[in-house]
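Q: I'd like to learn how to read a model like this one. Could you walk me through it, feature by feature?

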2 protein chains.
Amino acid sequence: MTSTTTAAPQRADAPQIAVLPRPGDDGDAPPDYFIESVHDGGGLTGAVSDETGGLVIAGRVDVDDLSRLLTGRPGIGWIQLPSAGIERYADVIAAHRDRTWTSAKGAYAPPVAEHILALTLASLRRLPQLAATKTWGPEVGSPLYGSKVVIVGAGGIGVEAVRLFRAFNTDITVVRRRQEPVASADRTVTTAELDTVLPDADVVVIAAALTEGTEGLMGAEQLALLKPSSVLVNIARGKLVDTEALLAALRGERLAGAALDVTEPEPLPDGHPLWDEPRCLITPHTADTEAMVRPLISARIRENVRRWAAGEELEGLVDVEAGY
Amino acid sequence: MTSTTTAAPQRADAPQIAVLPRPGDDGDAPPDYFIESVHDGGGLTGAVSDETGGLVIAGRVDVDDLSRLLTGRPGIGWIQLPSAGIERYADVIAAHRDRTWTSAKGAYAPPVAEHILALTLASLRRLPQLAATKTWGPEVGSPLYGSKVVIVGAGGIGVEAVRLFRAFNTDITVVRRRQEPVASADRTVTTAELDTVLPDADVVVIAAALTEGTEGLMGAEQLALLKPSSVLVNIARGKLVDTEALLAALRGERLAGAALDVTEPEPLPDGHPLWDEPRCLITPHTADTEAMVRPLISARIRENVRRWAAGEELEGLVDVEAGY
């Protein structure tokens with residue numbers, strides 16, 4: 001890693017990359033490590049110009065501004081987005097599908113899959129309720145060991161979660177859009193078959209991208225299929241789960257627990273009834289904190305700048321049709 | 001499995017096993033599955049008599065009564081204890097070391113090691129604090145992934161915990177009494193070297209038997225060696241950790257968290273200050289609940305009855321000198 005952000009490499013053939021937002025833009029200036037990562041990958045950084053070949057989005061930018069910028073700069077061939085979920089950028093990606101778009105998809109899999117395990121084990125073993133208790137109570141909790149796990153989503157996070165769940169001798173079903181088995185799972189079914197695998201599940205994990213096809217995926221009907229002893233974990237996007245239906249299921253004790261790193265609305269407002277549900281554990285979108293993400297997005301940018309310069313295929317290519 | 005507890009096998013050479021406590025004893029009658037397990041292993045069950053060759057302890061029995069019983073029954077060659085930790089029976093074992101003693105050691109490793117992971121992940125990711133929060137807060141928590149884990153104890157639970165931690169790409173040091181490496185760990189040190197490995201640890205797990213040599217193992221001096229970002233997990237016995245010193249460390253924010261499935265005193269009395277420590281998660285000795293343990297102790301008894309009848313070495317043999 002370079003230790004300075006000013007001494008950019010001087011190779012004449014180095015790709016010219018603009019990191020947005022720039023200091024002075026409405027958004028916050030990007031953390032230095034974004035710029036360092038471009039340099040580490042062999043790129044030059046600077047303001048957007050006719051020489052700019054790529055953009056690295058390091059923070060929140062206005063998507064309309066981004067779209068106008070791209071329209072005026074046909075030389076920008078590649079845009080790196082900072083998150084794994086890209087639904088915020090869906091329109092600008094669609095409007096500029098001639099460019100190469102990459103995201104952080106897959107890069108954050110280790111910390112997010114770990115959070116899935118943390119939330120799953122906490123829910124099964126009733127840690128939220130025990131944390132709120134101030135007396136030595138009776139035995140509670142059920143084991144993950146040997147249980148049936150359904151993971152919705154077969155991206156980097158879903159596949160990493162399969163690997164971690166495997167260590168606990170679980171039976172694992174992956175639910176995905178496409179008809180293509182995940183080799184490490186016990187079985188893979190398509191989203192159309194979701195309702196058939198829910199009744200047996202002890203654990204249901206939502207790890208799918210938010211698309212038109214997945215919004216409201218876990219509705220009242222799906223929640224009603226779950227066993228009262230089962231737990232639901234959502235680390236994807238709040239809109240994949242029907243909040244009102246989930247609240248009703250928890251209140252009716254038709255679920256043993258829910259653990260949510262994402263909510264709808266998000267942030268979950270003060271006073272929202274989910275905050276008062278003893279069976280509901282809410283973490284404020286901290287599956288991957290900035291400190292956890294930093295080395296991972298840095299590696300993704302470094303590698304993609306290198307590949308872009310070398311004309312190689314980039315990591316984390318966005319599938320424009322699929323929406324992730 | 002047999003479906004009845006009355007139709008015992010009738011083979012003439014079947015071992016005669018008494019399951020204690022008997023209905024009518026001071027203790028509770030043993031659950032039926034203890035008796036079924038003896039039958040499944042090929043044994044006959046009945047009251048203690050001159051024909052009794054083995055005892056299966058299925059619940060709390062008075063150790064003095066047990067000692068007197070053994071003195072009067074020299075024909076009882078084998079005693080199976082129901083728990084992994086056997087410090088309660090240390091004196092009676094020592095007084096009757098000519099008999100074969102077996103415990104549940106190793107049998108409960110899967111659920112207990114899983115609880116270790118649950119408590120570790122919960123502490124690192126601040127789930128007790130988040131469970132108590134009713135507002136969307138800032139990012140908190142640190143990852144297990146890539147961290148340094150110290151596991152004190154190399155019994156069945158410690159070794160199973162190594163296997164689970166391994167999935168999270170951790171660096172694992174095992175601390176054990178004997179100088180014999182645990183193959184799956186990154187390094188093994190003896191208890192005498194404990195103080196040298198604590199300063200680097202992100203996670204310290206206490207999974208050792210309670211013996212004269214391990215009581216108070218984690219005292220004020222050891223806790224002072226830990227990083228303020230580290231977490232302590234105890235699923236062994238409360239007396240391995242100095243409760244007052246731990247309380248002081250948590251209050252002084254010299255530890256990021258502690259998660260205790262066992263306490264000293266245990267049960268932890270209402271009003272004890274540990275209940276009010278936001279960084280302390282207490283589970284009421286539920287690493288292995290009765291429901292989780294049932295199939296595991298059943299398998300141990302079944303197998304040991306079979307081996308006893310066949311003259312083979314038993315599983316879970318107590319090391320009388322070591323005290324576990």
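**Reading the interface**

A: Let's start where the chains meet. Chain B and chain A bury about 4200 Å² between them, with 65% of that on carbon and sulfur atoms. Keep in mind that this is a predicted model.

Q: Which residues of chain B lose the most area to chain A?

A: The size of an interface is often given as the accessible area lost when the parts come together. On the chain B side, the top losers are B:Glu114, B:Arg125 and B:Trp136, which together make up 21% of what that side buries. As for residue counts, chain B puts 51 residues into the contact and chain A puts in 51.

Q: How many salt bridges cross the interface of chain B and chain A?

A: The rule finds four of them. One pair to click on is A:Glu114 with B:Arg125, a salt bridge whose closest N and O atoms are 3.1 Å apart. Widen the search to polar contacts and you get 24 residue pairs between chain B and chain A, both partners at pLDDT 80 or more.

Q: Which element gives the largest share of the side of chain B that touches chain A?

A: That's α4(B), with nine residues. By class, this side of chain B has 28 nonpolar, 11 polar and 12 charged residues.

**Reading the core**

Q: Which residues have the most contacts inside the largest nonpolar core?

A: The core has 108 residues, and the best connected are A:Leu117, A:Phe165, B:Leu117, B:Ile151 and B:Phe165. Take B:Phe165: skipping residues up to four places away in sequence, its contacts include B:Leu117, B:Ile151, B:Leu144 and B:Val205.

Q: Is B:Ser298 buried or exposed?

A: B:Ser298 counts as buried because its relative accessibility is 4%, and the cut-off for buried is under 20%. B:Ser298 sits in helix α10 of chain B. Beyond its neighbours within four places in sequence, B:Ser298 is in contact with B:Tyr33 and B:Ser37.

**Reading a helix**

Q: Which residues are buried in helix α9 of chain A?

A: An α-helix has 3.6 residues a turn, so residues three or four places apart point the same way. In α9 (residues 243-251) of chain A, the buried ones are A:Thr243, A:Ala245, A:Leu246, A:Leu247, A:Ala249 and A:Leu250. Their cover includes α8, β10, β11 and β12 of chain A.

Q: What should I look at around the ends of α9(A)?

A: At the start of α9(A), a side-chain oxygen of A:Asp242 comes within 3.1 Å of the backbone nitrogen of A:Glu244. Following α9(A) is A:Glu253, with a positive phi near 55°.

Terms used. Residues numbered from 1 in each chain as written. Chains lettered and ligands numbered in written order. Predicted model: local features only at pLDDT ≥ 70, side-chain atom pairs only at ≥ 80, totals over all residues. Heavy atoms only, no water. Contact = heavy atoms within 4.5 Å. Buried area = accessible area lost by both parts, 1.4 Å probe. Salt bridge = Lys/Arg side-chain N within 4 Å of Asp/Glu carboxyl O. Polar contact = N/O pair within 3.5 Å; in protein donor to acceptor, adjacent residues only side chain to side chain. Helix = DSSP H or I, 4+ residues; strand = E, 2+ residues; numbered from the N terminus. Nonpolar A, V, L, I, M, F, W, Y, C, P; charged D, E, K, R; others polar. Core = buried A, V, L, I, M, F, W, Y, C linked by side-chain atoms within 4.5 Å. Buried < 20%, exposed > 50% of the residue type's maximum accessible area, 1.4 Å probe, protein only.
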